[in-house]
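Here's a walk through the empty spaces and a couple of helix contacts in this one. Have the viewer open as you read.

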Amino acid sequence: MKAFTKHTGLVVAMDRANVDTDQIIPKQFLKRIERTGFGEFLFWDWAKLDDGSTDPEFELNRPEAAGASVLLARRNFGCGSSREHAPWALEDYGFRVIIAPSFADIFYNNCFKNGMLPIRLSEEMVDDLFARAAQHDSYQLTANLEDCTLSDAHSLSVSFEVEPFRQNCLLNGLDDIGLTLEHEDKITAYEAAHSK
Amino acid sequence: MPTAANPPRTLFEKLWDNHIVYAEEGRQTILYIDLHLVHEVTSAQAFEGLRLANRPVRCPAKTVATADHNIPTTDRSLPIVDVISKLQIDTLRNNCQQFDITHYDLNDPRQGIVHVIGPELGYTQPGMTIVCGDSHTSTHGAFGALAFGIGTSEVEHVLATQTLLQVKPQTLELRVDGTLRPGVTAKDLVLYLIGKITTDGGTGYCVEYTGEAIRALSMENRMTVCNMSIEGGARAGMIAPDETTFEYLRGRQFVPKDYESAVERWRQLPTDDNAKYDKSLKFQAADIAPQVTWGTNPGLVVSVNDCVPKPSDYSDATEQKTAASALEYMGLTGGERITDIQLDRVFIGSCTNARIEDLRAAADIARGHKVSEHVQAMIVPGSGLVKQQAEAEGLDRVFKEAGFDWREAGCSMCLAMNPDKLSPGERCASTSNRNFEGRQGKGGRTHLVSPAMAAAAAIAGHFVDIRDWK
């Protein structure tokens, strides 16, 4: 798994609640059997006009969003389908950090498996970040997973919470399967005890 | 029996405790998985990961596969036209062969939607942990199993280790007292609950549905309720096993050989008296009317006899924005009577509502009527066995005579990965679980309803209050 320690990047604000994984990566792109190359399909139905051309109004298509790697979103981001294609597409597009008041459980979990950091902050704090992103041109945020802080160049510094186990796995890019297999003897013992 | 040393526990806590392989402060629990269901869309990359790391599937016998999401529902003897879809379906078949996993292929009568065939074949049993790379895995919680959807990295983890790393969720009791009124179904009940708790009300929780109205539900109706737990944000929803559960499973192909001993074990599972949930919410069954969603998430729902809300009906700014955007997408202005909404398409199917009882309910409405001239309606059974049963009962003839299209089993227009989809602007009454933008086809407009409401809407050409149906 890809490690994450600290990241500074351009922020793009997506002022919509309940962004579901069907929007993040629509179903027609789930037919592929690869794990890579989903970035070009990210938010396809929102990013494209009916004739297939790029919609210049869509948040990610605006010139000021070019190169963004921090996504600022509203509550319940990533709800719906369990498709890991959603974090694959976000990561492949270039996002490393997603900030929202809340995330759907499966999506939140899937982000960590792909070297992306989802950060939960209060509604008020997220409102403040939306205001800052609107106020400052080329607004950037720095997420530091070592001390769990989020900061900008305008004297903002807030801490966020990440469960220590996930923090450690992401900081070190640990392979979950490898970690679990360190306890293979316990799996075998469990199976022996329950194979009646 | 609970004692001072063994305090009363909920159903969830018993299942959790029973499946701990390894727990240590400061790390996620390694939880044993009893049954892993696999389908074509979320598994290819997981199998590829195993190959790259040279890892075997730890327990092929606890893994069951079928193709359901991305398959045609038309004549199965014809080749699959979409080459990318065909490759995905072939890949599942090849992976199952390579790793020695049972696979219900397209020509097998037991093929079907993974959440329909698991229970139908008796793989799904009380007390189990069940996972699948699909968020509607919560369906299996209807049997008193701990069942939830996972991502593809976790699919690989389960294939390799037969376990998952998990954070213990909190417990949320949703209790529904009293009796559902005539015409009000399990689908209406769960849509009503999601409308009340909202689409993220269950986030971080495992839900247990309790109360008289839940106990009175058939097994298939319980599956409908648990299926949509994820639409309320809860990864898992469960109902304690009881005689209804045991009778449903008795005699099914893969239930334990010594069935009576298994039932005795399962009787220990229900939540103990005085066990505490982290949160409890209570509802009255009598308050629930047939439900119709009007927006672009399942929580945007009203009773059939209500009007579509306006953004100004909401106080919160984000909710107003959500409502305005949903209305625009749905081609509604707010204030319309639900029963005035005209339809182009009707879809009866999906892991929520494509079991035999759902088809019977739809057929009871359709019998002797004709689908409205301006509506195209299709019925997609949840499995080959459901289809066989429906045909044995003559339901297919009822549907065909009424003008419904009768299809082969699969997920079909619930997510429209296959050729079954809405065209832009088409409005559909659907028995599925998600009304997200574009879910049933780009620009398509989905209203979620029960099977009886969908069938009645197909015939009338607009929504009708099923309680007034003659």
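The lining of the largest cavity splits into 8 nonpolar, 11 polar and 5 charged residues. That comes to 24 lining residues, and the ones nearest the centre are B:His69, B:Asp134, B:His136, B:Leu415 and B:Arg439. The volume of this cavity is about 220 Å³. Keep in mind that we're looking at a predicted model, so treat everything here as computed.

How many cavities of 30 Å³ or more does the structure hold? There are 4. The second largest cavity has about 120 Å³ of space. Its lining is made by 14 residues, and the closest to the centre are A:Cys79, A:Gly80, A:Ala104, B:Ile230 and B:Gly233. By class, that lining has 6 nonpolar, 5 polar and 3 charged residues.

Now for the pockets. The largest pocket holds about 1300 Å³ of space. It has 45 lining residues, with A:Arg16, A:Trp46, A:Glu57, A:Phe58 and A:Glu59 closest to its centre. Which elements each supply at least two residues of that lining? From chain A you get strand S1 (6–13), helix H2 (44–47) and helix H5 (123–135), and from chain B helix H11 (317–330). H11(B) gives the largest share, with 6 residues. If you're thinking about polarity, the lining of the largest pocket breaks down as 16 nonpolar, 11 polar and 18 charged residues.

The second largest pocket comes in at about 1100 Å³. Of its 26 lining residues, A:His194, B:Asp34, B:Gln125, B:Met128 and B:Arg265 sit nearest the centre. Two or more lining residues come from each of helix H8 (184–194) of chain A, helix H1 (11–18) of chain B and helix H10 (259–266) of chain B. The largest share is the 3 residues from H8(A). The class split for this lining is 11 nonpolar, 8 polar and 7 charged.

Here are the linings again, by class.

| Space | Nonpolar | Polar | Charged |
|---|---|---|---|
| Largest pocket | 16 residues | 11 residues | 18 residues |
| Second largest pocket | 11 residues | 8 residues | 7 residues |
| Largest cavity | 8 residues | 11 residues | 5 residues |
| Second largest cavity | 6 residues | 5 residues | 3 residues |

On to helix packing. Two packed helices are described by the angle between their axes and the distance between the axes.

Take helix H6 (residues 186–197) and helix H8 (residues 219–227), both of chain B: their axes come within 8 Å and cross at roughly 20 degrees. Angles under 35 degrees count as roughly parallel, so H6(B) and H8(B) are roughly parallel to each other. The crossing of H6(B) past H8(B) is right-handed. On the H6(B) side the contact uses B:Ala186, B:Lys187, B:Leu189 and B:Val190, while H8(B) brings B:Asn221, B:Thr224 and B:Val225. Those contact residues are 4 nonpolar, 2 polar and 1 charged.

The other pair is helix H12 (residues 356–366) and helix H14 (residues 395–402) of chain B, whose axes come within 9 Å and cross at roughly 45 degrees. H12(B) and H14(B) are therefore oblique to each other. H12(B) passes H14(B) in a left-handed crossing. In H12(B), B:Ile356, B:Leu359, B:Arg360, B:Ala362, B:Ala363 and B:Ala366 meet B:Leu395, B:Val398, B:Phe399 and B:Ala402 of H14(B). This contact has 9 nonpolar residues, no polar ones and 1 charged.

Technical notes:
Residues numbered from 1 in each chain as written. Chains lettered and ligands numbered in written order. Predicted model: local features only at pLDDT ≥ 70, side-chain atom pairs only at ≥ 80, totals over all residues. Heavy atoms only, no water. Axes fitted to C-alpha atoms, helices over the stretch in contact; angles between N-to-C directions. Helix = DSSP H or I, 4+ residues; strand = E, 2+ residues; numbered from the N terminus. Parallel < 35°, antiparallel > 145°, perpendicular 65-115°, else oblique. Left-handed = near helix turned anticlockwise from the far one by under 90°. Contact = heavy atoms within 4.5 Å. Nonpolar A, V, L, I, M, F, W, Y, C, P; charged D, E, K, R; others polar. 1 Å grid on protein atoms, 1.4 Å probe; cavity = no way out; pocket = protein on both sides within 12 Å on 5 of 7 lines; lining within 4 Å. Points joined across faces, edges and corners; volume = space filled by probe spheres on them.
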